[in-house]
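Let's take a friendly walk through a protein model, looking at its strands and at its empty spaces. Have the picture open as you read.

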Amino acid sequence: MKLVRFGPAGREKVGAIDADGRLRDLSRAVPHLHLPTLGLAGLKRLERLPLHDFPRVRGTPRLGVPFTGISKFVAIGLNYADHAAEAGMPIPAEPIVFMKATTCIQGPDDPIRLPPGSTKTDWEVELGVVIGRTARHVEVGDALAHVAGYCVVNDVSERAWQLERGGTWDKGKGFDTFGPIGPWLVTARDVPDPQALSMWLDVNGQPRQRGSTATMIFGVAQLVSYVSRCMTLLPGDVIATGTPPGVGMGMKPPQYLRAGDVVELGVDGLGRQRQVVV
């Protein structure tokens, strides 16, 4: 099932994409898509809804983050060997875990705002894993049973703040608008193998990133298990699982986003995003 929230920021309604790719308004049956309240059982009830009985939404309304209740936005660094190579860093022996501020989260097509004075704002297409059941010290074999679904994430990064100003990566990762999520939450039932998804990102129509989740160093089940040993994961929490090669920092010479640029990205079966840089 492809679940969405649509409408003006702060006044989104719950919807779903039907088998014909049309947006249906589910708000009379589902007033809020709040994952801590719904949990996996609630999502399974939604999957049984007859979408053709709900009204079609006309036009192309704004899409918001497809669910609410995100208490943590966890991210994984250097999780593709070829991306580690382009960054000039060794392949990690264990997952590199950092946090993105929840205040950076926005809809999939909302503008990216450059921080004041930024000259090194970069792009990163990623598979987002959405937790559906409390996960604490979970074994790898049980990890995917805690996943509600998957989504597209752009892990926008300001490289100077991330790498050149001391401290942790978090500083360059949490600026406002640096966490577009969506357009859809695709429930886990409809993603039978999260390690077989192609990924892409273009800037101004020019190909930048092409990759596949098949080349992750640490797969989704490993990541959910590992992170659940560092912190308790709650329904609604998001793990951004790393990016394939092709980021601006790795280009020769490096290229970064400027006002007016258009970033488009997607993950196989999970939809696409489009952001204008302002």
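The text below goes from the first strands to a sheet, and then to the cavity and the pockets.

Before we start, note that this is a predicted model, in which local features need pLDDT of at least 70, side-chain atom pairs count only at pLDDT 80 or more, and totals for chains, interfaces and linings use all residues. Residues are numbered from 1 along each chain as its sequence is written, and side-chain values use heavy atoms, with hydrogens and water left out.

**The first strands**

Strands here are DSSP runs of E with at least two residues, helices are runs of H or I with at least four, and both are numbered from the N terminus. Two strands pair if DSSP finds at least two bridges between them. Strands of a sheet pair through backbone hydrogen bonds, either parallel or antiparallel.

Begin with β1 (residues 2–6), which pairs with β2 in the antiparallel sense over five bridges. Leu-3 has Ala-16 of β2 as its bridge partner. Six residues lie between the two strands of this hairpin, and Gly-7 takes a positive phi near 120°.

β2 also pairs with β3 (residues 23–25), again in the antiparallel sense, over three bridges. Here Gly-15 is matched with Asp-25 in β3. These two strands form a hairpin with five residues between them, and Gly-21 in the turn has a positive phi of about 80°.

Why is β2 (residues 13–17) described as largely enclosed by the rest of the structure? Four of its five residues are buried, so the rest of the structure largely encloses this strand. Buried means under 20% relative accessible area, with exposed over 50% and partly exposed in between, for a 1.4 Å probe and protein chains only.

**A four-stranded sheet**

Further along the chain is an open sheet of four strands, in the order β14-β13-β16-β17, with antiparallel pairing. Its edge strands, β14 (206–212) and β17 (271–276), each pair on one side only. On average, neighbouring strands of this sheet are turned by 10° against each other, direction ignored; such angles run from 0 to 180 degrees between N-to-C directions, along lines fitted to C-alpha atoms.

Within this sheet, six bridges join β13 (residues 198–203) to β14. One pair to find is Trp-200 and its bridge partner in β14, Arg-210.

**Empty spaces**

On a 1 Å grid over the protein atoms alone, a cavity is a set of points where a 1.4 Å probe fits but cannot get out, while a pocket is an open set with protein on both sides within 12 Å along at least five of seven lines; lining residues have an atom within 4 Å of a point. Grid points are joined across faces, edges and corners, and a volume is the space filled by probe spheres set on the points.

The structure holds one cavity of 30 Å³ or more.

| Space | Volume |
|---|---|
| Largest cavity | about 100 Å³ |
| Largest pocket | about 300 Å³ |
| Second largest pocket | about 150 Å³ |

The largest cavity is lined by 18 residues, with Leu-78, His-83, Glu-124, Arg-159 and Trp-169 nearest its centre. α4 gives the most to this lining, with three residues.

Which residues lie nearest the centre of the largest pocket? They are Leu-23, Gly-59, Thr-60, Pro-61 and Leu-63, out of 15 lining residues.

The lining of the second largest pocket includes Leu-40, Lys-44, Val-147 and Arg-189. Two or more residues each come from α1 (35–47) and β9 (147–154), and α1 gives the most, with four.
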